[in-house]
Structure formats: C-alpha cells, structure tokens
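Here is a quick tour for someone meeting this structure for the first time. Have a look at it, and then we'll go through some of its residues together.

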Amino acid sequence: MTLEEARAFFRGDRFAVEQAGITIEEIGEYYARCSMPVTPQHRNAAGAVMGGAIFTLADFAFAVAANVGGVLTVTTTASVCFVGTCKGDTLYAETRLVKDGRRSCFFEVTVTDNLGTLVAVVTSTGTHLEKVSS
C-alpha cells in the first residue's frame, strides 16, 4: 500500500481524520508516523491537551501500521502512559512493531510534540481478522 492509498483508505476513519485533524505522514512495513495539530478543541479545562486526543492519535497510528499490510487488524487492548505535557503545537505518533504473530500483533507507539517532548507511550495489542479486499 502506498502513502496515498493509505490516506484514501483511512479517510473512512472520520473521527480521527476530520474531527481530530490527524494526517498520515509516513508508512512502511508495520510502521506509521502520524501528526495532529494542537487546536483549542484538543485542550481540556486546564488548558492541556486532553488525554483522549493523545490516545486517539496513538490508536490511529497503530491502526495504520497494523493494517497497511493488507490484513484487517483491530485493537483488542491498549495501555497508555502519559509521561509529559505537550508544549508544542503539533503532536506526532510513531509506531514500532514489537511482535507479529498469526492471529495477533503487539506495537509500541510513542507520542511526541514538535519540540521533541515525549508526551505518551502506548502499547497496543491487535487481532488479525481477515485479509482486506482490494
């Protein structure tokens, strides 16, 4: 799958793409890098980026990385550790495949801001369901 094909396929994830404003920046084999501009809609009452917005970015990056190979894969479990406060105006999520098996996979996703601040680390387990039809 090319970057443009991935972007076209994931336009169907309207919450991430339209509401959160996430863009797929780069893809590779079991890899994705996505970005999300930080806007007022992403902030909580304290003015910080809401945890749900950060997790949405990480979960979307996992979905892209786990699905660009042509096998429909869904998140079955995820764990998020918020480790820093976003100070920049853009967040990035980058995936790393830890293990892939016949029925499941395990990824680590790091979320940083454009200033290099580590904001969160998310681990996600996915279940492979079926081949994506062309």
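Let's begin with cysteine 81, which is partly exposed, at a relative accessible area of 41%. In these terms, buried means under 20% relative accessible area, exposed means over 50%, and partly exposed is in between (1.4 Å probe, protein chains only). Before going further, keep in mind that this is a predicted model: local features need pLDDT of at least 70, side-chain atom pairs count only at pLDDT 80 or more, and totals for chains, interfaces and linings use all residues. Residues are numbered from 1 along each chain as its sequence is written, and side-chain values use heavy atoms, with hydrogens and water left out.

Why does cysteine 81 have no bond to cysteine 86? The sulfur of cysteine 86 is the closest cysteine sulfur to that of cysteine 81, but at 16 Å it is too far for a bond. Cysteine 34 has a similar story: its closest cysteine sulfur sits in cysteine 105, 15 Å away, so a bond is out of reach. Cysteine 34 is buried, with 0% relative accessibility. Searching the whole structure turns up zero disulfides (pairs of cysteine sulfur atoms within 2.5 Å).

Now for the inside. The largest nonpolar core has 34 residues, and Val64, Leu91 and Val111 have the most contacts inside it. Such a core is a set of buried Ala, Val, Leu, Ile, Met, Phe, Trp, Tyr and Cys residues joined through side-chain atoms within 4.5 Å. At least two core residues come from each of α1 (3-10), β1 (23-28), β2 (31-37), α3, β4 (90-100), β5 (104-113) and β6 (118-131). Helix α3 gives the most, with eleven residues. These helices (H or I, at least four residues) and strands (E, at least two) are DSSP runs, numbered from the N terminus. In soluble globular proteins, nonpolar side chains tend to be buried together.

Beyond its neighbours within four places in sequence, valine 64 is in contact (heavy atoms within 4.5 Å) with Phe10, Ile24, Ile27, Ala32 and Cys34.

How many aromatic pairs does a search of the whole structure find? It finds three. Rings of Phe, Tyr and Trp (its six-membered ring) pair if their centres lie within 6.5 Å; planes under 30 degrees apart count as stacked, over 60 as edge-to-face and the rest as tilted. Two of the pairs are set out here:

| Pair | Centre to centre | Angle between planes | Type |
|---|---|---|---|
| Phenylalanine 10 and phenylalanine 60 | 5.6 Å | 80° | edge-to-face |
| Phenylalanine 62 and phenylalanine 107 | 5.3 Å | 80° | edge-to-face |

Phenylalanine 10 is in helix α1 and phenylalanine 60 in helix α3, so their pair ties together parts 50 residues apart in sequence. Phenylalanine 10 is buried at 6%, and phenylalanine 60 is buried at 2%. Together with Phe9, these two form one aromatic cluster.

The other pair links phenylalanine 62 in helix α3 with phenylalanine 107 in strand β5, 45 residues apart. Phenylalanine 62 has a relative accessible area of 0%. Among its contacts further along the sequence are Thr73, Cys105 and Gly126. Another is Thr95, which is 33 residues from phenylalanine 62 in sequence but 6.4 Å away in space, C-alpha to C-alpha.

Threonine 56 is also in helix α3 (residues 51-67) and is buried, at 18% relative accessibility. Its side chain reaches the backbone oxygen of glycine 52 at 2.8 Å.

How values were computed
Polar contact = N/O pair within 3.5 Å; in protein donor to acceptor, adjacent residues only side chain to side chain.
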